[in-house]
Amino acid sequence: MRYEIKRQVQELCQTYAEAMDYLFFGEGERDIPDDFFLSCRDCLVNIADMVKGEVDEQGGAWLSKLCRTYDTALKAGAFQDEQWADLAKSAQALKEMVGQIRAALRVAFFPYKASMWSSFESVWEAFAGDPRFACKVVPIPYRDLNADGTLGESHYEGAELPSYVPITRHESYLIQRERPDFVFIHNPYDAANRVTRVDRQFFSSRLQQYTHGLCYVPYYSTPICNSTQYGLMFGMPAHINCWRYFVPSQSMAATGTALGYDPEKMVAAGSPKWDRVVKAQEKGVAVPEAWKRKARGRKVLLWDTHLSYFGRWGDNMAAEAEKTFSSFRALADELTVIWRPHPLTEASIRSMQPQYAKPYADVVAMAKEQENIIIDTSGDYLAAFLCSDAMLTWFGSLTYEYLATGKPVIIDGPPPAADDPWRNPLHLALYANNRQAASGLDRQTAKTMLAYLVDDPDKEKRLKVMRQYIQDDGLCGRRIYEYILAQLGLEPLAP
């Protein structure tokens, strides 16, 4: 039996039990009309229809006899003592019988970008390893948005998910027929995104109509936010429409509650993205041979650039990038750089800053010509994490995941002022190794940065603060699984 059907049957059982409580324990003398008994009988008939084939022969015979008890008594105009005794025991017996029915639970995951699968993977692994759950991974298509807001190029990245993840084509998955018990999404925007858009049938506003357990797990792992991010992290349609919002930290849960969300909706489980980093460090991942050749005998810096990284340089984008590349070239004997641009950088520039499309193309062309720069646009960033010794970023999408490696993070810009909303203990711990100018990287600063990542003098301080916000135990997905089982009154399987 489907879990959703069992839940409906249990609700009918509860309705029947309340009727029996009224009948046997209600106060005062009462004249019970026949309609009351007819309603009880109809409730039992509905239950019998729904559990047909799910209970044994003895249970089915008992339920049929109970229905006939009402028919006989109503026809005779009165219940006999033996019939009253049967009714008195019926509610508890009915609950016990239905409770023994095994229910299959359906869980659906709807990833859209392959590079964001890491926000689901450890959750999916936990559910897929439990035979009580039927899990389906349904990659969904999306479209780029043009600068004028119209729909642009269409994308489907199902083939880019890890080969060990079995996928179901979205065309063959009809949620209105499947009605999964739990649905996991990581795109919160519906029609509110300005860069990409999933098909309308996968908007959270529609998905919530076909499941009682719409779960939002962020595609980012940000464990702390400020007032400038409230709209992005708590004001999108999926934040409102979901049953549970699995936030990365207690700090984020407290923020959501302060903004008016029901505390029960905010579940601090950590980020599954951290699990994947921890697992990769334990088991290792394949690193391209070309990377190994370029990195041999050198320190490796992972350069993470998010959506607005180059936009902050404005019309000087190409010149500032060339300054940075020149600094990297000067250290070619000592340093290899893995540049990982945000996967939506080009689409974002085309949609929101089309005047920078040509300068950004020039930046990419410059990087391709440089011997000690590797451009990583693959769907999986773990090789870059494990191959590198440190990260240079301006709080890009991977910053908080990289912290889970324990390696240094070098913030590319000045620290926040005393009144800056970004000023918090975690960020200040990272800015301890910052450079002061939000411009292209000059050679002297690059040399200082290289010396810093070799020595890593702030390691203990960084790790102490980091662990106040980031759960690097590899169990975040497991916590989400165990939370949902607790809501169902089920015991989790041993990992």
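## Exercises on a predicted model

Buried residues make up 53% of the 495 residues in this protein. The model is predicted.

**Exercise 1.** State how many helices and strands the protein has, and give the box that its C-alpha atoms fill.

*Solution.* Start with secondary structure: there are 21 helices and 14 strands. Then take the principal axes. Along them, the C-alpha atoms fill a box of roughly 100 × 45 × 45 Å.

**Exercise 2.** Describe the surface and the charges of the protein.

*Solution.* Take the surface first. Its accessible area comes to about 22,500 Å². Carbon and sulfur atoms account for 50% of that. Now the charges: count 55 positive and 63 negative side chains. The centres of these two sets lie 6 Å apart.

**Exercise 3.** What share of the contacts with a separation of 6 or more joins residues 24 or more positions apart?

*Solution.* Keep just the contacts with a separation of 6 or more. Of these, 74% are between residues 24 or more positions apart.

**Exercise 4.** Place isoleucine 167 in the fold, then decide: is isoleucine 167 buried, partly exposed or exposed?

*Solution.* Step one is location. Isoleucine 167 sits in the loop between β4 (151–155) and α6 (175–178). Step two is accessibility. The relative accessibility of isoleucine 167 is 36%. Buried means under 20%, and exposed means over 50%. Isoleucine 167 therefore counts as partly exposed.

**Exercise 5.** Which residues does isoleucine 167 contact, leaving aside neighbours within four places in sequence?

*Solution.* Set those neighbours aside. The contacts of isoleucine 167 are then Val137, Pro139, Tyr156, Gly158 and Leu161. Now check proline 139. Proline 139 and isoleucine 167 are 28 residues apart in sequence. Their C-alpha atoms are 7.2 Å apart in space.

Key
Residues numbered from 1 in each chain as written. Predicted model: local features only at pLDDT ≥ 70, side-chain atom pairs only at ≥ 80, totals over all residues. Heavy atoms only, no water. Helix = DSSP H or I, 4+ residues; strand = E, 2+ residues; numbered from the N terminus. Buried < 20%, exposed > 50% of the residue type's maximum accessible area, 1.4 Å probe, protein only. Contact = heavy atoms within 4.5 Å. Areas by Shrake-Rupley, 256 points an atom, 1.4 Å probe, with all protein chains shown as cover. Lys, Arg positive; Asp, Glu negative; His and termini not counted. Charge placed at Lys NZ, Arg CZ, Asp CG, Glu CD.
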